[in-house]
Amino acid sequence: MDIFGIPIQALLGQLMLGIVNGSFYAVLSLGLAIIFGVLKIVNFAHGAFFMLGAFTAFLLAQYMGANYWVTLAIAPLVVALFGMLFEFLFLRRLYGLDPIYGLLLTFSLVLVLEGGFRVAFGSSGQPFATPELLRGTINLGFMILPLYRGFVIVSALLLCLLTWFVIERTSLGASLRAATERSELTQAFGINVPRLITLTYGVGVGLAAFAGVLAAPIFHVNPSMGSSLVIIIFAVVVIGGLGSIMGAIVTGLGLGVVEGFTRVFYSEFSSTIVFLVMVLVLLLRPAGLFGREEG
């Protein structure tokens with residue numbers, strides 16, 4: 001059966017590919033939205049932390065013999081600790097200043113990390129094996145789905161929902177929101193706001209690293225793997241609404257699907273459709289689809 005002259009199998013295949021890409025967009029933009037919502041820092045290094053997560057998993061597997069499940073658990077924690085150290089030593093000094101300083105600092109970190117890994121491992125990329133448990137495919141009746149891509153979708157969605165629940169429905173999330181809006185008052189209630197902010201930055205970059213580990217078996221692990229995504233992720237966050245948790249999740253998944261379908265009907269336009277949507281949203285609703293209008 002065809003739809004608009006396109007075989008239904010091709011449409012369903014692109015739908016699944018779009019959901020996989022959208023899962024990466026959702027996790028990455030979620031971490032970026034958390035960081036901007038709390039720190040008001042434009043974290044241009046978010047793609048570099050994505051890459052760092054993939055490389056950490058690769059190094060754990062290559063030199064320490066860790067299996068995939070161990071790397072999936074440890075690599076995001078290692079990158080989160082590195083991010084917390086970076087926030088404590090450098091970013092903390094920029095709070096209250098013009099956001100351009102945070103953007104320049106995080107961009108400098110991108111150059112350092114990508115340059116260092118390019119010197120150490122080259123630019124061609126390193127292969128990362130799919131875990132044996134998730135090799136093969138599953139027949140859904142209407143299409144054949146690789147098991148690992150199904151795992152990516154499920155794990156990304158579960159992580160996004162868990163993060164949303166913690167921030168929106170727990171006392172820790174309430175403290176975090178209070179620290180964002182009334183930091184001095186929150187501090188007066190005995191909550192260590194600087195420590196909470198450091199932890200939040202670690203969570204944000206840990207999410208990026210988790211997405212990097214998920215992406216490692218699909219893409220070659222290479223120093224520039226995050227650079228091609230970071231601009232799209234910024235567009236996703238802007239469309240969803242700066243600092244909006246649910247906006248980042250829904251918009252990331254939605255734009256992945258839109259991008260996938262665009263490849264079917266007009267492939268040359270697929271790389272720019274996200275930015276066209278961003279322009280339209282900014283014209284019609286400058287605060288983003290899920291953002292709150294100020295005033």
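**Charges.** I began with the charged side chains of this predicted model: there are 13 positive and 12 negative ones, and the centres of the two sets lie 7 Å apart. For this count Lys and Arg are positive and Asp and Glu negative, with His and the chain ends not counted, and each charge is placed at NZ of Lys, CZ of Arg, CG of Asp or CD of Glu.

**Ground rules.** I note that the model is predicted, that local features need pLDDT of at least 70 and side-chain atom pairs count only at pLDDT 80 or more, while totals for chains, interfaces and linings use all residues. Residues are numbered from 1 along each chain as its sequence is written, and side-chain values use heavy atoms, with hydrogens and water left out.

**Overall build.** I found 11 helices and four strands in the protein, taken as DSSP runs numbered from the N terminus (helices H or I, at least four residues; strands E, at least two). The radius of gyration is 19 Å, close to the 19 Å that the globule rule gives for 295 residues, so the protein is as compact as a globular protein of that length; the radius is taken over C-alpha atoms, and the rule is 2.2 Å times the number of residues to the power 0.38. The C-alpha trace spans about 65 × 50 × 35 Å along its principal axes.

I then looked up how the chain is packed: 48% of the 295 residues count as buried, where buried means under 20% relative accessible area, exposed over 50%, and partly exposed in between (1.4 Å probe, protein chains only). About 14500 Å² is exposed, and carbon and sulfur atoms supply 69% of that area, which was computed by the Shrake-Rupley method with a 1.4 Å probe. Among contacts with a separation of 6 or more, 76% are between residues 24 or more positions apart, a contact being heavy atoms within 4.5 Å.

**Glu 87.** I looked at this residue in helix α3, which covers residues 68-89, and noted that Glu 87 counts as buried at 0% relative accessibility. Its side chain is joined to that of Thr 198 by a polar contact of 2.6 Å, meaning a pair of N or O atoms within 3.5 Å; within protein, one must be able to donate a hydrogen and the other to accept it, and residues adjacent in sequence count only if both atoms are side-chain atoms. Setting aside neighbours within four places in sequence, the residues in contact with Glu 87 are Leu 39, Arg 92, Tyr 95, Ile 197, Thr 198 and Tyr 201. I also recorded 8.4 Å between the C-alpha atoms of Glu 87 and Gly 202, which are 115 residues apart along the chain.

**Glu 114.** I turned next to helix α4 (residues 99-121), where Glu 114 is placed, and found Glu 114 buried, with a relative accessible area of 10%. Its side chain makes a polar contact of 2.4 Å with the side chain of Ser 227, and beyond the neighbours within four places in sequence Glu 114 is in contact with Met 51, Pro 223, Ser 224 and Ser 227.

**Tyr 68 and Phe 88.** I compared two further residues of α3, for both Tyr 68 and Phe 88 are found in that helix. Tyr 68 is buried, at a relative accessible area of 5%, whereas Phe 88 counts as partly exposed at 48%. Not counting residues up to four places away in sequence, Tyr 68 touches Phe 128, Pro 131, Tyr 148, Phe 151, Val 213, Leu 214 and Pro 217; the C-alpha atoms of Tyr 68 and Pro 217 are separated by 9.7 Å, with their positions 149 residues apart along the chain. Phe 88 and Val 152, 64 residues apart in sequence, are 32 Å apart in space, C-alpha to C-alpha.

**Ser 155.** I found this residue in helix α5 (residues 147-169), buried at 13% relative accessibility. A polar atom of the Ser 155 side chain lies 2.7 Å from the backbone oxygen of Phe 151, and the backbone oxygen of Val 152 is 3.3 Å from a polar atom of that side chain.

**Ser 175 and Lys 40.** I closed with Ser 175, which is in helix α6 (residues 171-181) and, leaving aside neighbours within four places in sequence, is in contact with Thr 186, Ile 191 and Leu 196. Lys 40, in the loop between α1 (8-39) and α2 (46-64), has a positive phi of about 60° although it is not a glycine, and Lys 40 counts as partly exposed at 44% relative accessibility.
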